[in-house]
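Me: I am in my first year and still learning to read protein structures. Could you take one part of this one, the aromatic rings and what surrounds them, and go through it slowly with me?

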Amino acid sequence: MVVSCLSTFSFHDIAGKNPNWALQVYPFKDRAVTNDLISAALAEGARAVIYTADVPVPGLRSRDRRNGFTGLVDSVPYEVAKRVQGTIWDAWSESETWDDVARLAESLSVPLAVKGVLHPDDAAQARAIGAAAIWISSHGGRQLDSAIAPLDVLPRIAETVGDDLELVIDGSPLPGVDVAMALAMGANAVAIGRPAMWGLAAAGDIGVARVFDLLVQELENALILMGASSPSALDNSYVGIAASLRLDQWPEKGIVRS
Ligand SMILES: Cc1cc2nc3c(=O)[nH]c(=O)nc-3n(C[C@H](O)[C@H](O)[C@H](O)COP(=O)(O)O)c2cc1C
């Protein structure tokens, strides 16, 4: 489980519910804030730090504007609000460099993942500065709508650093077969963001559990039809069959979710 530094609950409360967690952190202009958030998370047992590199400034998010979504009025990011005065957007660092990330990696007692990587050269750079993982992500296209899809860049990144770094990928791989596809292409883990929120909005915690159930069912179905004994059995040789199964699992092609 990954916990955003912008969570509206304290690290302590979250860790009390699930000790198996990692901190996601944005870099702040005031490095003391970033470092203090990390120290507080590690003190509560965070097992890794995920450094988000793709939001130096928020994207224009025209769809959000069109839909009148300007953030949740009542939501206060608990840990950040304790440490930052004023608007959080203003507190973010717009000028991080790889040297800054390298210093962070060096200072940490737990593994560091760099989130928001979409280019093999950046993946190689993350490896060079001592990251343990990269998180291949376009932030769901919410930073730059036209960004390359994470799945499209995964094979080149896997070829470049796949033997040295753990590869996490996100980007709403909705049917489980997309999870299988990502694993076959070299990802070690697939993360979800919005689907959990959609489940939450539809039916609270039961809805979130249902989202995971569906993904697992679809993944298991895909594995059986692909002839793979487990997710870890997937490799490049399964990409072709995963591609044809995708056509079956996308909802508009016939699967009815209930
Ligand atoms: C409610 C919500 C909060 C998010 N908060 C963060 C965050 O604090 N830091 C971050 O790097 N990404 C954040 N993300 C982005 C997700 O980690 C993920 O990159 C993105 O949603 C794409 O995955 P998806 O297509 O499964 O949603 C958030 C996403 C959602 C839906």
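**The aromatic pairs and their surroundings**

Reply: In this predicted model, the structure holds two aromatic pairs. One of them joins Phe 11 and Trp 21, whose ring centres are 5.6 Å apart and whose planes meet at 40°, so this pair is described as tilted. To place the two rings along the chain, notice that Phe 11 belongs to helix α1 (residues 11-17), while Trp 21 belongs to the loop between α1 and β2 (22-25), so the pair ties together parts that are 10 residues apart in sequence. How accessible are these two residues, buried or exposed? Phe 11 has a relative accessibility of 1% and therefore counts as buried, since the cut-off for that word is under 20%. Trp 21, at 2% relative accessibility, counts as buried by that rule too.

Tyr 26 and Trp 92 make up an aromatic pair that is tilted, with 4.2 Å from centre to centre and 35° between the planes. Tyr 26 lies in the loop between β2 and α2 (31-43), and Trp 92 lies in the loop between α5 (88-91) and α6 (98-107), so here the pair ties together parts that are 66 residues apart in sequence. Tyr 26 is buried, and Trp 92 is buried as well.

From this pair we can step to a residue that touches both of its members. Leu 6, found in the loop between β1 (2-4) and α1, is in contact with Tyr 26 and Trp 92, and its contacts beyond its neighbours within four places in sequence also include Pro 77, Val 80 and Ile 88. Which word fits the accessibility of Leu 6? With a relative accessible area of 27%, Leu 6 is partly exposed, because that value falls between the limits of 20% and 50%. For a sense of distance within the model, Leu 6 and His 119 are 113 residues apart in sequence, and their C-alpha atoms are 26 Å apart in space.

One further aromatic ring deserves a look, this time for the charge beside it. The charged end of Lys 115 sits over the ring of Trp 135, at 5.4 Å from the ring centre. The strand β5 covers residues 133-136, and β5 pairs with strand β6 (residues 166-169) in the parallel sense over four bridges. Within that pairing, Ile 136 stands opposite Ile 169 in β6. Together with helix α8 (residues 150-161), β5 and β6 make a right-handed β-α-β unit.

Terms used: Residues numbered from 1 in each chain as written. Predicted model: local features only at pLDDT ≥ 70, side-chain atom pairs only at ≥ 80, totals over all residues. Heavy atoms only, no water. Pairing = 2+ DSSP bridges. Helix = DSSP H or I, 4+ residues; strand = E, 2+ residues; numbered from the N terminus. Right-handed = clockwise from strand over helix to strand, strands pointing away. Phe/Tyr/Trp six-rings, centres within 6.5 Å; stacked < 30°, edge-to-face > 60°. Buried < 20%, exposed > 50% of the residue type's maximum accessible area, 1.4 Å probe, protein only. Lys NZ or Arg CZ within 6 Å of the ring centre and 35° of its normal. Contact = heavy atoms within 4.5 Å.
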